[in-house]
Amino acid sequence: VQLQASGGGLVQAGGSLRLSCAASGGIARINTMGWYRQAPGRQRELVARITSGGSTNYANSVKGRFAISRDNAKKTVYLQMNSLKPEDTAVYYCNGQIIPAGTMWPRDYWGQGTLVTVSS
């Protein structure tokens, strides 16, 4: 099982970016998927997550600006980021609680990280 993230880049404050993360490999089921971020010198923190049924929750710092969604058929989770601020600069990691094919229990999988840089 692999998670492949894409969509990071350099954007000016106030701009937008859309991150994508696609799961691949032998997968029986994908439960909750989410996005985390880690800024230099700081711990990794939850940005947003979405259950298989579509329920979402967000970090207070991104509420009203970011939107998480998923396409279960494509095994892909998205993060639409609007009104970006310099403090959103970080490496963004996608996460999936995935049940591999042939097993019964979910495991945590992480994407490789994609850098988002917001200039002031």
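Which strand is N31 found in? Strand 4. Keep in mind as you click around that this is a predicted model.

**Stop 1: N31.** Select N31 and show its side chain. N31 counts as buried because its relative accessible area is 18%, and the cut-off for buried is under 20%. Now add R29: the two side chains make a polar contact at 2.7 Å. To see who else is around, select I50, T51, S52, R70, Q97, I99 and P106, which N31 touches once residues up to four places away in sequence are set aside.

**Stop 2: from strand 4 to strand 9.** Stay on strand 4 and bring up strand 9 as well. The two run antiparallel and pair over nine bridges. For a landmark, pick M33, which has G96 of strand 9 standing opposite. Colour strand 9 by accessibility and you'll find that strand mostly covered, with nine of its eleven residues buried.

**Stop 3: the other partners of strand 9.** Add strand 10, residues 107–110, which pairs with strand 9 in the antiparallel sense over four bridges. Click N95 and then W110, its bridge partner in strand 10. Strands 9 and 10 make a hairpin with six residues between them. In that turn, check G102 on your Ramachandran plot: its phi is positive, about 85°. Next comes strand 11, also antiparallel to strand 9, over three bridges. Here V91 stands opposite L115.

**Stop 4: the open sheet.** Hide those and show strands 1, 3, 8 and 7. These four form an open antiparallel sheet in the order 1-3-8-7. Strands 1 and 7 sit at the edges with a single partner strand each, so one side of each has no neighbour in the sheet. Neighbouring strands here are turned by 15° against each other on average, ignoring direction. Zoom in on strands 3 and 8, joined antiparallel over six bridges, and find L19 with its bridge partner L79 in strand 8.

**Stop 5: the core.** Time for spheres. The largest nonpolar core holds 30 residues, and L3, W35, V47, F66, L79, M81 and Y92 have the most contacts inside it. Elements giving two or more residues to this core include strand 1 (2–6), strand 4 (27–38), strand 8 (76–81) and strand 9 (90–100).

**Last pick: L3.** Which residues does L3 touch, leaving out those up to four places away in sequence? Among them are C21, A22 and A23, then M33, then C94, N95, G96 and I98, and finally Y109 and W110. You've already clicked M33 and G96 as an opposite pair, and N95 and W110 as bridge partners.

Key: Residues are numbered from 1 along each chain as its sequence is written. This is a predicted model: local features need pLDDT of at least 70, side-chain atom pairs count only at pLDDT 80 or more; totals for chains, interfaces and linings use all residues. Side-chain values use heavy atoms; hydrogens and water are left out. A nonpolar core is a set of buried Ala, Val, Leu, Ile, Met, Phe, Trp, Tyr and Cys residues joined through side-chain atoms within 4.5 Å. Buried means under 20% relative accessible area, exposed over 50%, partly exposed in between (1.4 Å probe, protein chains only). Contact means heavy atoms within 4.5 Å. Two strands pair if DSSP finds at least two bridges between them. A polar contact is a pair of N or O atoms within 3.5 Å; within protein, one must be able to donate a hydrogen and the other to accept it, and residues adjacent in sequence count only if both atoms are side-chain atoms. Axes are lines fitted to C-alpha atoms, for helices over the stretch in contact, and angles run from 0 to 180 degrees between N-to-C directions.
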